[in-house]
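Colleague: Please take a close look at the pockets for me. I'd like to know what lines them.

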Amino acid sequence: MRFHGYFRSSAAYRCRIAFNLKGVHPQLSFHHLRKGEQRAAGYLAINPQGLVPALETDDGAVIAQSLAIIEWLEEKFPQPAFLPRDPDRRAEVRAFALAIACEIHPLQNLRVLNHLRDEFRQDQAGLDRWCRKWVGEGLAACEAVLARRAQAWPFCFGDRPGLADIFLVPQAFSADRFGVDLSAMPRIRAIRAACEAMPQFADAHPSRQPDAES
Ligand SMILES: N[C@@H](CCC(=O)N[C@@H](CS)C(=O)NCC(=O)O)C(=O)O
C-alpha cells in the first residue's frame, strides 16, 4: 500500500500515528503543499480533492480523508482497537475526533489561509489572529469535554490511546505553530505528553519524516 502525505500536514500526521499504532508500514509518497504539488495532475488523478492524505491500498482502492483511512485501518487491523466497545463511549470518542477534523482543522487549512491572504488582503499577522481564534476556541471546547469525563484517564478516553488521541496530538502541534496558548488546557497538555512519550507518536512527528524541513 502507498500513503500520500506531507510532513507538516496534520491530517497526514493523524494517519502516521494510526499506522504506527497498528504496526503497519506503507510505502510513502510526498507532496510538497507549499509548492502546490497537491494540485499536480498526477496527484489529482489519485485524489481529485487535491488534499493529502490519501491511501492507495493493495487491492487498488484509493481512500481520501484521514478519518476514512484510519477507520479502514481499524477494520483491517482490529488490534489495538482505536474505539471503545461501549456505544456511548464510542460515540463520545468519534465526536471528539470530529470536533477537530470538522470544526477546527478546516479553518486553518493552507488553501483557506491562502484565500484570506490573496482575496481578503490579510497579512501574516491577520492570518495568525484567525488561526489563534479558531484553533484556540476549538481546543478550549475539547478541554471542556475532557474535563467532564467519567474518569481522569491518562489518554483522552481510556488507559491507552485511541481515535481521539490520534486527532488531538496533531492539532496540538498545529496550535503551537500558530502560537495558541495551551496553558489553560491542562488535560490536553497532559494527554499530549503521555502520547508523545510513546514511540508510535514520536516517530510520526513532522520533524521525523523523510521530507521534513526546518
Ligand atoms: N478532512 C481532510 C483534510 C485534508 C486536508 O485539508 N489536508 C491538507 C493538509 S493538512 C491539505 O492537503 N491542504 C492542501 C491545501 O490546502 O492546498 C482529512 O482529514 O484528510
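Modeller: Helices here are DSSP runs (H or I, at least four residues), numbered from the N terminus. This is a predicted model, where local features need pLDDT of at least 70 and side-chain atom pairs count only at pLDDT 80 or more, while totals for chains, interfaces and linings use all residues. Residues are numbered from 1 along each chain as its sequence is written, and side-chain values use heavy atoms, without hydrogens or water.

Let's start with the largest pocket (on a 1 Å grid over the protein atoms alone, an open set of points where a 1.4 Å probe fits, with protein on both sides within 12 Å along at least five of seven lines). There's about 900 Å³ of space in there, a volume being what probe spheres set on the points fill. Its lining (residues with an atom within 4 Å of a point) has 42 residues, and L33, H105, Q108, N109 and L110 sit closest to the centre. Helices α1 (10-22), α3 (66-76), α4 (87-104), α5 (110-120), α6 (124-147) and α7 each give two or more residues to this lining, and α5 has the largest share with six. By class, you get 20 nonpolar, 14 polar and eight charged residues (Ala, Val, Leu, Ile, Met, Phe, Trp, Tyr, Cys and Pro are nonpolar; Asp, Glu, Lys and Arg charged; the others, Gly among them, polar).

Now for the second largest pocket, at about 380 Å³. A81, F82, L83, P84 and R160 are the closest to its centre out of 24 lining residues. Helices α3, α4 and α7 give two or more residues each to that lining, with α4 providing the largest share, four residues. The lining of this second largest pocket splits into eleven nonpolar, three polar and ten charged residues.
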